[in-house]
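Here are some comments on the structure you sent, arranged as numbered points. Please read them with the structure open beside you.

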Amino acid sequence: HIAYVFLYVYVVQLFRCTTNSPSSINNQFHYSTLFSNFPFCTFVGHYKLTIGIKPKALILYRYSGGTFEDFSLEKGKREVKDQLLKEQYNLCAYCTGSISFNKMKIEHWHPQKHFPTKELDYKNMLAVCLGCYNSGEHFHCDTSKGDTTINLSPLEMAHIKQLSYTKSTGILKSSNANHQQEIDSDKMLNLNIAPLQKIRKDVLANFRMALQRKYKDKSANYAKELDKFSA
């Protein structure tokens, strides 16, 4: 199936914007207009990816009557983690921070506690970060969400189209009030903590500086540049 993940990509290669002039960039940038492939800086956006078929090891384990609690690396968890990382480009499904095999968790979007029949459903699994800043100063993503059921899903394009952020603060916003609560709450995703806001705010400044260096005495033509890196 097709999935969409929230991105602030650490090596973003493509930034799509609705304007061609750096001086006329709108105050809010919508995730639905951003893609990852621009070589100058990082940015916030979404990336469309195709989730592959269920890992064979997971299928066999599931039909053997296994449980997620006993799902070890040797029993197929290694294959699942590898495939999730590949499909998500080593990015957390929620905050899109960089993740790796030893620095990630398998998240169940439908919490196992409330949806035990989905604990080995590959469509319910996401690769996420450890969700901890500065040794516990901030908790976010799955770590703060825990067993809370949320509506906002990185698999739903309609949800991502409702997202934007404000360049002056880096605050992540949704036009859906319920989703906004899930984004802000420290009992849910908690994606507007200060460190994440700063990353989003700095990204635009870096991008504009890169274009100004590249074009110096003339305005950058976003559309022309983006065509070079279209996926």
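**Notes on the predicted model**

1. Cys132 lies in strand β6, which covers residues 132–133. With a relative accessible area of 39%, Cys132 is partly exposed. Leaving aside residues up to four places away in sequence, Cys132 touches His138, Phe139 and His140. Asp142 is ten residues from Cys132 in sequence, and the two C-alpha atoms are 9.8 Å apart in space.

2. Please keep in mind that this is a predicted model, and that the confidence is not even along the chain: the mean pLDDT is 77, and 72% of the residues reach 70 or more. Over residues 1–44 the pLDDT stays under 50, although the model has 185 contacts for this stretch beyond four places in sequence. I would read those contacts with caution, since pLDDT is the predictor's confidence in each residue.

3. For the overall picture, the protein chain has seven helices and nine strands, and 49% of its 231 residues count as buried. Among contacts between residues at least 6 apart in sequence, 68% join residues at least 24 apart. The chain exposes about 11600 Å², of which carbon and sulfur atoms supply 51%.

4. How many disulfides does a search of the whole structure find? The search finds zero, and two of the cysteines help to show how this comes about. The sulfur of Cys92 has its closest cysteine sulfur in Cys129, at 3.8 Å, which is too far for a bond because a disulfide needs the two sulfur atoms within 2.5 Å. Cys95 is likewise in no disulfide, and the nearest cysteine sulfur, in Cys141, is 3.8 Å away. Both residues are buried, Cys92 with a relative accessible area of 0% and Cys95 with one of 5%.

5. Helix α2 covers residues 73–87, and its buried residues are Gly76, Val80, Lys81, Gln83, Leu84, Leu85 and Glu87. A student may find it useful to compare this list with a general point about helices: an α-helix has 3.6 residues a turn, so residues three or four places apart point the same way.

6. The stretch after α2 deserves a careful look at its backbone angles. As background, most residues other than glycine have a negative phi. Tyr89, which follows α2, has a positive phi near 55 degrees. Asn90, in the loop between α2 and β4 (105–108), also has a positive phi, near 55 degrees. Thr96, placed in the loop between α2 and β4, has a positive phi of about 60 degrees although it is not a glycine.

7. Is each of these two loop residues, Asn90 and Thr96, buried or partly exposed? Asn90 is partly exposed, with a relative accessible area of 34%, whereas Thr96 is buried, with a relative accessible area of 0%.

8. Finally, Glu107 in strand β4 is a charged residue to examine by its surroundings, as its relative accessible area of 2% makes it buried. Its side chain makes a polar contact of 2.7 Å with the side chain of Tyr94, and the side chain of Glu107 makes another, of 2.9 Å, with that of Lys145. Not counting residues up to four places away in sequence, Glu107 touches Tyr94, Asn124, Met125, Leu126, Val128, Asp142 and Lys145.

Notes:
Residues numbered from 1 in each chain as written. Predicted model: local features only at pLDDT ≥ 70, side-chain atom pairs only at ≥ 80, totals over all residues. Heavy atoms only, no water. Helix = DSSP H or I, 4+ residues; strand = E, 2+ residues; numbered from the N terminus. Buried < 20%, exposed > 50% of the residue type's maximum accessible area, 1.4 Å probe, protein only. Contact = heavy atoms within 4.5 Å. Areas by Shrake-Rupley, 256 points an atom, 1.4 Å probe, with all protein chains shown as cover. pLDDT = per-residue confidence, 0-100. Polar contact = N/O pair within 3.5 Å; in protein donor to acceptor, adjacent residues only side chain to side chain.
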